[in-house]
Amino acid sequence: MKQLTFSVLALSLFSMLDISFAQKLQLNDLGYFETRGLNVLVFSNEYNGYFFDEKHAGIELIQCGVRTATNGAVRLRSTPEQWDAVPAVVDRMVDRKKKSIEVTLGYKEYDFYPKVVVTAENQEVWIAVYLDKPLPERLIGHAGFNLEFLPTEYSHEIYLMDHSPHIFPLYPAGPIVTKPDSLKISQYANHSTFDGKGRQVYVDPLPMATGSTLILAPADSQRRVEIRSTQGKLMFYDGRNIAENGWLVVRSLIPENKTGNVVEWHLIASSPKNWIRKPVIEFSQVGYHPKQEKRAVIELDKNDAPLKTASLYRVTPQGNFERVFTAPVETWGTWMRYNDVTFDFSSVQDSGVYFIKYGNEKSNVFPIASHVYNNVWHQTLDVWFPVQMDHMYVRDAYRVWHGVPFLDDARQAPPNEEHFDGYSMGKSTGTRYKPGEHIPGLNVGGWFDAGDFDIDEPSQCRTISNFAAAWEAFKPQLDETYISERERYVDIHDPDGKPDILQQIEHGILQQLGQQKAFGRAIAGINEAHLYEYVQVGDAADITDNKIYTPRLKPYQVEGDSSGTPDDRWAFTSNEPWINDLSIGALASASRALKGFNDSLSAECLAVAEQSWDRQHKDTIVNNSRVPFFAQQFPKIAAALQLYISSKNIHYADTFTTLIWQALDRFPDMNIQTAVLAIPYFGKEYKDRLKPYVETFKKKNDELLKNNPYGVPIGTRQWGGSQEVVGWAVTNYYLHEAFPNIIGSEYAIRGIAYLFGCHPYSNISFVSGVGVHSKESFYGGNRADLSFIAGGVVPGILILKPDFPENQEDWPFLWGENESVINICSEYIFLANAVKHLLKEEVN
């Protein structure tokens, strides 16, 4: 009686909702299934062997413009973590007659090659798994078909398992069990994300519910999904029980001793009838300077008919709305899956508060004022960067961001080490230290690279160089932070009478000098020794015990500053000359910035840079770098220029002029910024020779507005493109300053407007805390709180193949979209100051 009553109520509820189950899925020309408001992608995106499970591969659902499900694949764990085994795509076939997509997956290590077939019939998707031979014995009880759902899209919702209602957990609450390590399928390179404290166990979640039919969000027309299994049980898990970045996982185990069709699901995902995505008005959340180009992009569903005009309204001090400007929108065309029109309101120059209205949609308010760019970089320098400072205690008013971490840095990484996060070691350490030996002098300076807590040397060097360039160009005097290297203490919002940017340069340089003194060169970086340390979030000071590992002591035994726990970070010391060139360039540029602020450190920077250059170019170095040789030349050219500017030694000038023209001929875009920086030191003839390269760059700039409506270079790799946009904008600033009659100021300004909200998918600012609406949930050390650190610049838009631009706003764990990295944040500080300078020029 209870079941009948619920079913009747459920049918009544569904009949009142505008849910469409009758729209037929079609297999489109791009190779995925679609209907109005629903897309089903089938391995349009594959797993990445670099970062493994990035949560954008396999079978994926896009409902009403939001990707709600991913990782539909045969997996070897109930709730796979990032570093668990991922399948390779052996073959993918699209059969348009049968309306099916067939994918053969491969786990080569286990000689396991399941086939997944996805077929659309009317509004339903059939997912079937086939085996040519029985499941390998090692995978019995482990291999199953999984589909993962985004937790934040199902917060405050209900799910039904065989008619039984359950509330989605807002926070993971079990059930979970421990199992012996012998049962675990190995993670990447036999690393482990779980620290059992010597117990030889790992944790594994149990299902929240099991049954044959699962319905997610039954009352939500934009999120409802029904899955019915015709073979075996459905099990529903909360992956957040073992990893904060886990998703909600639906799973069916593959039975043992069976071939042919071993798993079969029928899936129906709903969407409102005749759904059309609302227009997205994309504009700068920071606002606009009166004299700059003001151009909004309006992103439209492909089923939406564009309107003829858009309007700008002014908000009066009394709260009234006055329409001050109306103009026809210009049709740009189709970019990715959306149609775009543009609205140019550059002629409006009066200061005030405004919003844009397009049909029934209106933007949030934003300012037009001459001061809008004055402070946009302050939080990046005075909040985000202090939080990233390694080897320091960081406080902010009542809050402690982290204690002093990694005082036990660092031990020599062993040879032949296949590590995580891109770190590895070759056959030799390349140093005088034995594997595992403590290396003194590395527990100073540097920054956490990004949302994790490693010291990535290329990023460190680029950050120092960006800071030094900003100081030389603009002399920013901002002082909001107390920094004491002697006390290892940082207090945010506590001025100490010193320019913060110079103190950041000083902090970064201490790590560079530590490496140069220990090894005579820079190294690849310093990273956690164990994967279970690397994945930790929160206070970095708790990752290690801050005691130097001493083998004679027992695990967890402490004796003074020594410990028997081998938790110290590892120094990855393979000799990569291009990395050392980056360090040399950073030291040389910092020597000029620090002059007059810390003269002894300034002199040491230049002396060490020259000594390192001499060693590197005198010795015969076995170069085993995985970086292509041509790319290794870029840092060498830049280092030679910085050494020449700082030392005036003609030897460095000769090296620069020998290499720069070859580099410009082969890779002009990658080298033109370095080339233009040399103009003041090489005279008119040099500048005249550079001019044709600048003219070619200008032509490429103008082509960008034909490639996308934003007029900036949007990257399509597996990392959002903000870094490319910022770098391009900075290059345009330098070119404008040197060749104002060729390169206008609009390109650099267009680049920063993209960051601030004039970009695809949404209109939030990609700089957290900057702008009316900005990124409020990002991939930082506090990501487990679904929060942000003010001033962080996120990668932004990730292009999922074949045509879906995405930036998840409330799920920070997609690092390719939401992780702030030190080199882009430091370059953003330069760009913000550059744009402020350009607009001051415009007024004058």
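**Reasoning from values to terms**

A search of the whole of this predicted model finds 4 cavities of 30 Å³ or more.

Student: What makes the largest of these a cavity, and what is its volume?

Tutor: The word cavity is used because a 1.4 Å probe fits there but cannot get out. The largest cavity has a volume of about 100 Å³, and its lining includes Tyr288, Arg295, Ile749 and Cys758.

Student: Which helix gives the most to the lining of the largest cavity, and how do its lining residues divide?

Tutor: Helix α13, residues 746-755, gives the most, with 4 residues. The lining as a whole divides into 6 nonpolar, 1 polar and 4 charged residues; Tyr and Cys count as nonpolar, and Lys and Arg as charged.

Student: Why is cysteine 64 called buried or exposed?

Tutor: Buried means under 20% relative accessible area, and cysteine 64 has 8%, so cysteine 64 is called buried. Cysteine 64 lies in the loop between β5 and β6, and its phi is near 50°, a positive value in a residue other than glycine.

Student: What is said of lysine 648, buried or exposed?

Tutor: Exposed means over 50%, and lysine 648 stands at 55% relative accessibility, so lysine 648 counts as exposed. Its place is in the loop between α8 and α9, and its phi, near 65°, is likewise positive. Most residues other than glycine have a negative phi.

Student: How do you know that the span of helix α3 agrees with its number of residues?

Tutor: At 1.5 Å a residue, the 18 residues of α3, 457-474, should span 26 Å, and the end C-alpha atoms are 26 Å apart, so the two values agree. In addition, 13 of these 18 residues are buried, so α3 is largely enclosed by the rest of the structure. Just after α3, lysine 475 takes a positive phi of about 50°.

Student: Why are β7 and β13 said to stand at the edges of their sheet?

Tutor: The open sheet has 9 strands in the order β7-β8-β9-β10-β21-β18-β17-β12-β13, with antiparallel pairing. Each of β7 and β13 has a single partner strand, so one side of each is left without a neighbour in the sheet.

Student: What makes β12 and β13 a pair?

Tutor: Two strands pair if there are at least two bridges between them, and β12 and β13 have 4 bridges in the antiparallel sense, so they meet the requirement of at least two. Leucine 160 has proline 165, in β13, as its bridge partner.

Notes:
Residues are numbered from 1 along each chain as its sequence is written. This is a predicted model: local features need pLDDT of at least 70, side-chain atom pairs count only at pLDDT 80 or more; totals for chains, interfaces and linings use all residues. Side-chain values use heavy atoms; hydrogens and water are left out. Helices (H or I, at least four residues) and strands (E, at least two) are DSSP runs, numbered from the N terminus. The expected span of a helix is 1.5 Å times one less than its number of residues. Buried means under 20% relative accessible area, exposed over 50%, partly exposed in between (1.4 Å probe, protein chains only). On a 1 Å grid over the protein atoms alone, a cavity is a set of points where a 1.4 Å probe fits but cannot get out, and a pocket is an open set with protein on both sides within 12 Å along at least five of seven lines; lining residues have an atom within 4 Å of a point. Grid points are joined across faces, edges and corners, and a volume is the space filled by probe spheres set on the points.
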